[in-house]
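Thanks for coming. I have one model to go through today, mainly its pockets, and then one helix and two serines.

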Amino acid sequence: LLKPFIHTWSLSVEEQYYILFPIVFLITFKYFRKYLIHILILGFISSLGLAEWSSRNYPSASFYFLHTRMWELLAGSILAYFEIMNGYRSKNKTLNLTLPFVGLVLIGHSILFFDVNHHPSLKTLLPIIGVCLIIWFASKNEIITKILSTKLFVGVGLISYSLYLWHYPIFAFIKINGLASGSIIGKLILIPIIIFLSILSYLIVERPF
């Protein structure tokens, strides 16, 4: 909690994935094209298995390293594969109306009751499945999709990268200096400050670049 830039570990995992995955994908696509989905699923299962084992034996390495994290990203790659091959996502109206809500419940459950001491692991499947359900079964006539498509949520999505970068250093430096120690109001005041800085960096840095 006192390390202002420790949150950048997740950015490093993403960048490693974005560098390595296209190379592996191109080789697979060229020489093992008909086994592409099998290789994606095998990578998913292998990484998830490593995460479950490693979280019990080497929790710090499991949390921060790519080999135990890539299954979370591969889940999205697998969804993308099926959408490209089918040309569409789910067309089942009943499932489209119900499963995004189930996905939101799984994500909410993870936020409220997650055990960070055993993560990533099989327990981490809950929020990942939740996100996948929302992505795959989202449809314009479904209430969760409508809510997540409102200007408020889209706006938060636009500044989410900046929010992620700004929030941790500010909370950490405040904690180090004891400026908001024991003060709920002091901590709440930080939220609009972080949002303001995030909008500013989104407009001045992200959009121009």
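**Pockets, a helix and two serines**

The largest pocket has 34 lining residues, and those nearest its centre are Trp-9, Ser-10, Arg-69, His-119 and Tyr-164. Five elements each give two or more residues to that lining: α1 (9–31), α3 (59–64), α4 (70–86), α6 (125–137) and α8 (151–177). Keep in mind that this is a predicted model.

On volume, the largest pocket holds about 1300 Å³ of space. Sorted by class, its lining consists of 21 nonpolar, 10 polar and three charged residues.

Next, the second largest pocket. Its volume is about 220 Å³. Here the lining has 13 residues, with Tyr-17, Phe-21, Val-24, Met-70 and Leu-74 closest to the centre. Which elements supply at least two residues each to this lining? They are α1, α2 (36–57) and α4. The largest share is from α1, with six residues. By class, the second lining counts 11 nonpolar and two polar residues, and no charged ones.

Since α1 contributes to the lining of the largest pocket and also to that of the second largest, I will stay with that helix for a moment. It is 23 residues long, and the distance from its first C-alpha to its last is 33 Å, close to the 33 Å expected at 1.5 Å a residue. The buried residues in α1 are Trp-9, Ser-10, Leu-11, Val-13, Tyr-17 and Thr-28. Trp-9 and Ser-10 came up already, among the residues nearest the centre of the largest pocket, and Tyr-17 is one of those closest to the centre of the second. What covers the buried residues of α1? The cover includes α2, α3, α4 and α8.

Now the two serines. Ser-47 sits in helix α2. Is Ser-47 buried or exposed? Ser-47 counts as buried because its relative accessible area is 0%. Leaving out residues up to four places away in sequence, Ser-47 touches His-67, Thr-68, Arg-69, Met-70 and Trp-71. Two of these names are familiar: Arg-69 is among the residues nearest the centre of the largest pocket, and Met-70 is among those closest to the centre of the second largest.

The other one is Ser-139, in the loop between α6 and α7 (143–148). Its relative accessibility is 18%, and the cut-off for buried is under 20%, so Ser-139 counts as buried. Apart from neighbours within four places in sequence, Ser-139 is in contact with Asn-96 and Thr-145.

That is what I have; questions are welcome.

Conventions. Residues are numbered from 1 along each chain as its sequence is written. This is a predicted model: local features need pLDDT of at least 70, side-chain atom pairs count only at pLDDT 80 or more; totals for chains, interfaces and linings use all residues. Side-chain values use heavy atoms; hydrogens and water are left out. On a 1 Å grid over the protein atoms alone, a cavity is a set of points where a 1.4 Å probe fits but cannot get out, and a pocket is an open set with protein on both sides within 12 Å along at least five of seven lines; lining residues have an atom within 4 Å of a point. Grid points are joined across faces, edges and corners, and a volume is the space filled by probe spheres set on the points. Helices (H or I, at least four residues) and strands (E, at least two) are DSSP runs, numbered from the N terminus. Ala, Val, Leu, Ile, Met, Phe, Trp, Tyr, Cys and Pro count as nonpolar, Asp, Glu, Lys and Arg as charged, and the others, Gly among them, as polar. Buried means under 20% relative accessible area, exposed over 50%, partly exposed in between (1.4 Å probe, protein chains only). Contact means heavy atoms within 4.5 Å. The expected span of a helix is 1.5 Å times one less than its number of residues.
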